[in-house]
Amino acid sequence: MQKDRRSNGRRLAAGALAALGLLGAAGTAPAHAESAPEVYVALGDSMASGPLIPDITGLLACGRSTHNYGHELAKTLGVDEYRDVTCSGAKSQHMTEPQKLSLAGVPAGEVPPQLDAVRADTTLVTLTVGGNDAGLVGVAQDCVQLDPRGARCQDEYTEDGVDTVAQRIEEFGPKLGAVLDGIAERAPQARVVVTAYGDYVKPGGCYPAVPVLPSDADWLQGGVNHLNEVIGEQSAAHGARYVDLFTPSRGHDACAAPKEKWVEGFVPTDLAAPLHPNRRGEGNYARIINEQLPTAR
């Protein structure tokens, strides 16, 4: 009888220990799996590529700088892989079609569609596009007026009472939407950020430092603002985060003092392409984007 009680006691103790073991296993948090690598792809045109800002990386005709906002953002985030396929002259069509390049009018080959860089492993995408669809840089160059009493440039872009630049901007909207859908299809888990364009010239301009008439200065910046509105609308409609770069860049336009400006005028005072962001601008764009990055798609 004593022996049976001892045997029963051993069996009960063993059962209790086994139960405790099971409870311990159930209550222990599983080891954390390694997080997926952060793979960042930068898409877009010359505002994103940073032409003539030292140092140049990649194809010369694309004008990519090691200090464009994508590179600066990638360094801040410490991403595992960074793919920069931004390229000067890129339009929305070059997200899905090859882009033919040229330097000073001389053919310089072509680059693949930018969306080729967006794959299932992509976790972050930034996009700046639309300025070339609207032809804004070319329009601004056409608006240079050395005679302060000369004719308004905007009249040349009005046909039968229709602002043809505004018309091109509206036509760009669905194209951007298609690009954003393409990104989502290729990288459904990626955070997608679409940027605005910044402030290029203050109200009324600063003739002759920026040699466009005051009314044309307002019209040109109005075109940029219109483009930003379209970009914001399409971003919201297609599940992307829109980052406003215009508001925080006010006062840092081409009319500002050299140490304050984020974009250059027709005659740059810093190492950057005319009518494009300088290194200061690209760095600040990276900071602003980083502050507004979504935590998840």
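## Exercises on disulfides and a helix pair

A search of the whole structure finds three disulfides, a disulfide being a pair of cysteine sulfur atoms within 2.5 Å. The structure is a predicted model, in which local features need pLDDT of at least 70 and side-chain atom pairs count only at pLDDT 80 or more, while totals for chains, interfaces and linings use all residues. Residues are numbered from 1 along each chain as its sequence is written, and side-chain values use heavy atoms, with hydrogens and water left out.

**Exercise 1.** Describe the disulfide of Cys-62 and Cys-87: its geometry, its place in the chain and its burial.

*Solution.* Begin with the bond: the sulfur atoms of Cys-62 and Cys-87 lie 2.0 Å apart, and the torsion about the S-S bond is about -85°, so this disulfide is left-handed. Next, locate the two ends, which belong to distant parts of the chain, 25 residues apart: Cys-62 sits in the loop between helix H2 (46-49) and H3, and Cys-87 in the loop between strand E2 (81-84) and strand E3 (99-103). Helices (H or I, at least four residues) and strands (E, at least two) are DSSP runs, numbered from the N terminus. Finally, both Cys-62 and Cys-87 are buried, that is, under 20% relative accessible area with a 1.4 Å probe and protein chains only.

**Exercise 2.** Work through the disulfides of Cys-143 with Cys-153 and of Cys-206 with Cys-255, then state the pairing pattern of the protein.

*Solution.* For Cys-143 and Cys-153, the sulfur atoms are 2.0 Å apart, and with -65° about the S-S bond the link is left-handed. Cys-143 and Cys-153 each lie in the loop between helix H5 (136-142) and strand E6 (158-159), so the pair ties together parts that are ten residues apart in sequence. Cys-143 and Cys-153 are both buried.

For Cys-206 and Cys-255, the S to S distance is 2.1 Å, and -85° about the S-S bond makes the link left-handed. This pair links distant parts of the chain, 49 residues apart, with Cys-206 in the loop between strand E8 (191-195) and helix H7 (214-237) and Cys-255 in the loop between helix H8 (246-249) and H9. Cys-206 has a relative accessible area of 15% and is buried. When the bonded cysteines are numbered in sequence order, the pairing reads 1-2, 3-4, 5-6.

**Exercise 3.** Characterise the packing of helix H3 (residues 69-77) against helix H9 (residues 279-291), and set H3 in its surroundings.

*Solution.* Two packed helices are described by the angle between their axes and the distance between the axes. Here the angle is about 50° and the axes are 8 Å apart, the axes being lines fitted to C-alpha atoms over the stretch in contact, with angles running from 0 to 180 degrees between N-to-C directions. H3 and H9 are therefore oblique to each other, since angles under 35 degrees count as roughly parallel, over 145 as roughly antiparallel, 65 to 115 as roughly perpendicular and the rest as oblique.

The contact (heavy atoms within 4.5 Å) is made by Tyr-69, Glu-72, Leu-73, Thr-76 and Leu-77 of H3 with Glu-282, Gly-283, Tyr-285, Ala-286, Ile-289 and Asn-290 of H9. These residues divide into six nonpolar, three polar and two charged; Ala, Val, Leu, Ile, Met, Phe, Trp, Tyr, Cys and Pro count as nonpolar, Asp, Glu, Lys and Arg as charged, and the others, Gly among them, as polar.

Turning to the surroundings, the buried residues of H3 pack against strand E1 (39-44), H2, E2, strand E5 (124-128), E8 and H9.

How values were computed:
Buried means under 20% relative accessible area, exposed over 50%, partly exposed in between (1.4 Å probe, protein chains only).
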